[in-house]
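Okay, thanks everyone for coming. I'll put the structure up and then talk you through the parts I'd like us to look at together.

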Amino acid sequence: MAAAVVGALPLVSGTSAGAAPVRELAPETTTVPIGQPLRVATGCPPLSQHRVVEQHPEVSLVVGTGATSRRAARGVAPDADGVVTITVPAWVDPTEPATLVGRCSGSGTSTTTTYDPVPVDVMAGSPAWPGPVLDPAPATREGGQLFVVRGGGCPPGADAQVRLSDDTGTVRYQQQESVDAAGRFVVEVYLYDELAGSFSGELSCTSGAFELLSPPFALTVVPRPQLGELSVGYDPITGVRSYGGTGCGPGDRVTLDVSGESQGNGFQPGPPQNSAGHVAAHLTTTVRADGTFSATWTGPSGPARVAVRTDCGDPATTGYRLLPSEQTTSATGAKVLDLSSGGHRPGSTLFAVVDFACRSEASGLQVTDPYGATLSEVPLADDFAHPVLVPATPGAYYLVPTCDGVRGRPTLFAVDPVEVSLEPGAISGGAGPATPATAATALPGSPTYTG
């Protein structure tokens, strides 16, 4: 990592074509005690226009020489005059040579000026915060595992960041977490499938105007093919979300951390949630003998966006983290036009308007029972209102639009029983067989009987 970083900030002087005259780094002193801030003037005041940075100074402290050189600190927040602050971390050996390097970078390569390196003497000191100190960690991991970096020595409230760079110096991965009140931090580096090969890593903790760096560490990631992926499903009627996947070992304990935000009103009982509409659940299950696993969760009803992070085994040691999955429940559904009477007659026809963004020809409108079982389905027509046959049995039912088998938001409707009213009264009998009425009193084509 250090060689790559030093390569990014050359230790040679000069300017590129068309650049301004060479500026000089001007530290306030060339003797730097460990843990003490050192102000370095750059002659490169930050300039910006329309939020576009046109000029910015970069200064780093490099210790060692040649292939063993490594960056130990960096100034990250220059003042208005282009003065940056460097603080030497405690791990630096005062007997090693140390050099300030940097450049004044513009918006184009033609405006970049590389400074002449300035040697400095690092002296012993007693820093309040020695800089990031790492616990030993395995040097080889598999794709899909976690590389957990734990350490301390950073100022409280600082940002601890792990960076992994390839042999070209390109940062391939970075992850950042906050430092607690005791200066400790835990950063989880997820080694996703595509991250394979040998990497040089460094940890930095940034606080205010300076950045402290750890010594570089090596990490090799061995690819693990066919890492599993989580699949999700959702039933809008019952509110049950189902999760299933592969990629873990038989008998592994699987944890699913579900988080997201409800985009509608109302919740079904189940997961904890707060007044802001956030939903969360922590599920556990065990991998079957065939390597598959599954879990269910009753989440919020209505539209919601839910993300699931899945770990099997202990990702920090021998376990793995599956590819994360995200699910969005659609807010679209069906609306019944003629509910003014409060219900529908058995066997009648209702008309529904579907607010459902489905461009597939395999779209339809289902009638289901209260448990989600499909009773009938009609394809969505091009008309404004879709006719739907009402079930013959009284009760509660749902209208559910579908798109390629995926259900949208359901609408509840009722089928009322047929009411028959019998009024008490006398039945009078006639004197004999019924006889047709005369033609003068009968309606045309409609025989009338008396008796």
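I'll go through the cores, then two of the sheets, then the salt bridges.

One thing up front: this is a predicted model, so please listen with that in mind.

Let's start inside. The largest nonpolar core has 24 residues. Which of them touch the most other members? Those are Phe147, Val162, Leu164, Phe185, Val187, Val189 and Leu191. As for where the core comes from, β14 (146–152), β15 (159–165), β17 (185–190), β18 (197–207) and β20 (217–222) each supply at least two of its residues. And apart from that one there's another core, with 22 residues, including Leu38, Val40, Ala73 and Val120. That fits the usual picture, where nonpolar side chains in soluble globular proteins tend to be buried together.

Stay with Phe185 for a second. If you leave aside its neighbours within four places in sequence, Phe185 is in contact with a whole list of residues, among them Pro132, Val133, Leu134, Val149, Cys154, Ala160, Val179 and Leu203. There are also some that aren't hydrophobic on that list, including Arg150 and Ser178.

Now, sheets. There's an open one of three strands, in the order β12-β14-β17, and the pairing is antiparallel. β12 (133–134) and β17 are the edge strands, each pairing on one side only. Between β14 and β17 you get six bridges, and if you want a landmark, find Phe147, which stands opposite Val189 in β17. You've met both of those already, as they're on the list of core residues touching the most other members.

The other sheet I want to show is again open and three-stranded, this time β2-β4-β8, with antiparallel pairing. Here β2 (26–27) and β8 (83–87) are at the edges with a single partner strand each, so each has one side with no neighbour in the sheet. β4, residues 37–41, pairs with β8 over five bridges. Pro37 sits opposite Thr87, and Ala41 sits opposite Val83.

So is β8, as an edge strand, buried or exposed? Five of its five residues are buried, so β8 is largely enclosed by the rest of the structure. Side chains alternate between the two faces of the sheet in a regular strand. In β8, Val83, Thr85 and Thr87 are on one side, Val84 and Ile86 are on the other, and all of them are buried.

Last stop, charges. The whole structure has 13 salt bridges, and I'll pick out a few. Arg39 and Asp79 meet at 3.8 Å, N to O. Arg39 is in β4, Asp79 is in the loop between β7 (70–75) and β8, and they're 40 residues apart. Arg39 is partly exposed, at 39% relative accessible area, and Asp79 is partly exposed too, at 27%.

Next, Arg70 and Glu96, at 2.7 Å. That pair links β7 to the loop between β8 and β9 (98–106), 26 residues apart. Arg70 counts as buried at 17%, while Glu96, at 22%, counts as partly exposed; the cut-off for buried is under 20%.

Then there's Arg309 with Asp257, at 3.2 Å. Arg309 is in β26 and Asp257 is in β23, 52 residues apart.

And to finish, there's a network of salt bridges that links Arg71, Arg74, Arg163, Glu202 and Glu211. That's my tour, so over to you.

Technical notes: Residues numbered from 1 in each chain as written. Predicted model: local features only at pLDDT ≥ 70, side-chain atom pairs only at ≥ 80, totals over all residues. Heavy atoms only, no water. Core = buried A, V, L, I, M, F, W, Y, C linked by side-chain atoms within 4.5 Å. Buried < 20%, exposed > 50% of the residue type's maximum accessible area, 1.4 Å probe, protein only. Helix = DSSP H or I, 4+ residues; strand = E, 2+ residues; numbered from the N terminus. Contact = heavy atoms within 4.5 Å. Pairing = 2+ DSSP bridges. Salt bridge = Lys/Arg side-chain N within 4 Å of Asp/Glu carboxyl O.
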